[in-house]
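Dear colleague,

Please find the structure we talked about directly below, and have it open beside you while you read the notes that follow.

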Amino acid sequence: MVESRLTGPVRVVGVGLLGTSIGLGLRARGVEVILADASPTHLSIAVDYGAGRVAAEGDEPQLIVVCVPPDVTARVVAAELEAFPRAIVTDVASVKLAPLHELRAAGADVSRYVGTHPMAGAERGGPLSGRVDLFVGRPWVVAAHDGISYQRGSVIDDLILDLGGSLVEMTPEAHDRSVALVSHVPQVVSSLMARRLVDAPGAAVNLAGQGLRDVTRIAASDPELWVQILGANAAPVASILRLFSDDLERMIETLEAPEAVGASRRLAEELAGGNAGVARIPGKHGVDRRYAQLVVMVDDSPGELARLLAEIGEAGVNLEDLRLEHSPGAQIGFADISVLPERLGYLVEFLRARGWRIAG
């Protein structure tokens, strides 16, 4: 067992995806975890999964992590600050400025509170989705403010490092502007694109490939949660959407007159701008690196994908990313594999020698 920076115990309030994952990660390091949730069912599942024990009278947590929906975050944080006057309290809500304002307005003791936000999650929540490694290598923002000392807040840094997160310090204002761009606006765009499929002909939807799945993947997220998130961060999101609207209008005007002088150039510039933006997205472990791709044809039969992954391991090549796509109506799938460019040629030859078919 790896030694923990935290001494514990740590109280986790709310055992959905994030709360359960925090509990699992800390328990794996031997930290005592106390669980609380308004839902007895969620609490029972998280306990059964090994994320911690049920809260009891006389608990004295070192740290409290509030993992509840954004619309009740400030209220729950205030209650925890009052109930445990010796504990440091943090939350993991996806907006940071609004809860801090609410706590200050309510007269809460913010000298023991710092908001945080792990940039990790999934389309589906609940304790059943909890993962011990959910935060490994993921950015975890600490939205510090001038009401708490560095010494008091250091226990939150310990939490993040114990769970394998990459600590990022930002002001609450900068955090909310940043997540509007990289998280909240993408959710809106994905949802609006997916809405176009509701009344689409079945023949068109059946043609869907990985591109459409990539664009609409997060549209499966919980609408109730996103109403809260977008409402709490409305101004930054609206500001970016206005710019996005300008981009769309420019593209529409170009496509409405594709034969006009300069139309092809304008289209190329817009698409190249997308290439430039994608190149800035951090890759695995937060490193800006473009990977090389190869697509391997995999028979749709038991054990074939496992054999492919095992043989990539035998080749001594690190798999940086993997996406799967099935061919409609055919008993075959395509494994889109990302590797370091300098390893691509070797891996292609290795797999071909083992009988694998490389698409293209």
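**A glutamate between two helices**

E311 is found in helix α12, and since this is a predicted model, please read everything said about this residue and the others with that in mind. Is E311 buried or exposed? Its relative accessibility is 9%, and because buried means under 20%, E311 counts as buried. If we leave aside its neighbours within four places in sequence, the residues in contact with E311 are F350, R354 and W356.

One of these partners, F350, leads us to the neighbouring helix, since L308, E311, I312 and E314 in α12 meet L347, F350 and L351 in α13. Sorted by class, the residues of this contact comprise 5 nonpolar and 2 charged ones, with no polar residue among them.

As a general point, two packed helices are described by the angle between their axes and the distance between the axes. For α12 and α13 the angle is about 125 degrees and the axes are 10 Å apart. Angles of 65 to 115 degrees count as roughly perpendicular and those over 145 as roughly antiparallel, so α12 and α13 are described as oblique to each other. The crossing of these two helices is right-handed.

**The sheet beneath these helices**

Which strands does helix α12 lie across? Helix α12, which covers residues 304–314, lies across β9, β10 and β11 (332–339), and runs at about 140 degrees to β9. Helix α13, residues 341–353, also packs on the sheet, where it touches β9, β11 and β12, and its direction makes about 20 degrees with that of β9.

The sheet itself is open and consists of 4 strands in the order β10-β11-β9-β12, with antiparallel pairing. Its edge strands are β10 (321–326) and β12 (357–359), each of which pairs on one side only. On average, and with direction ignored, neighbouring strands of this sheet are turned by 30 degrees against each other. In general, strands of a sheet pair through backbone hydrogen bonds, either parallel or antiparallel.

If you would like to look at one pairing in detail, take strand β9 (residues 292–299), which is joined to β12 by 3 bridges, the two strands running antiparallel. Along this pairing, V296 stands opposite I358 in β12.

**A second pair of helices**

Another helix pair can be described in the same terms, namely helix α3 (residues 70–83) and helix α4 (residues 97–105), whose axes come within 9 Å and cross at roughly 45 degrees. Angles under 35 degrees count as roughly parallel and those of 65 to 115 as roughly perpendicular, so α3 and α4 are likewise called oblique to each other. In this pair, α3 passes α4 in a right-handed crossing. The contact is made where T73, A74, V77 and A78 in α3 meet P99, E102 and L103 in α4, and by class it has 5 nonpolar, 1 polar and 1 charged residues.

**Two alanines and a cis bond**

Two alanines are worth visiting in turn. A51 has its place in the loop between α2 (40–48) and β3 (53–54), and with 0% relative accessibility it counts as buried. Apart from its neighbours within four places in sequence, A51 is in contact with T20, G23, L24, R27, V33, L35 and A46. The C-alpha atoms of A51 and A28 are separated by 8.9 Å, these residues being 23 residues apart along the chain.

A203, by contrast, lies in helix α7 (residues 202–205), and with 57% relative accessibility it counts as exposed. Between the C-alpha atoms of A203 and G19, which are 184 residues apart along the chain, the separation is 42 Å.

Please also look at G8 and P9, which are joined by a cis peptide bond with an omega of about -5 degrees. P9 is found in the segment before β1 (10–13).

**The chain as a whole**

Finally, to place these details in the whole chain, its secondary structure comes to 13 helices and 12 strands, and its C-alpha atoms fill a box of roughly 65 × 50 × 40 Å, taken along the principal axes. How much of the chain is made up of buried residues? Of the 360 residues in the protein chain, 39% are buried. Among the contacts with a separation of 6 or more, 71% are between residues 24 or more positions apart.

With best wishes

Key:
Residues numbered from 1 in each chain as written. Predicted model: local features only at pLDDT ≥ 70, side-chain atom pairs only at ≥ 80, totals over all residues. Heavy atoms only, no water. Pairing = 2+ DSSP bridges. Axes fitted to C-alpha atoms, helices over the stretch in contact; angles between N-to-C directions. Contact = heavy atoms within 4.5 Å. Buried < 20%, exposed > 50% of the residue type's maximum accessible area, 1.4 Å probe, protein only. Left-handed = near helix turned anticlockwise from the far one by under 90°. Nonpolar A, V, L, I, M, F, W, Y, C, P; charged D, E, K, R; others polar.
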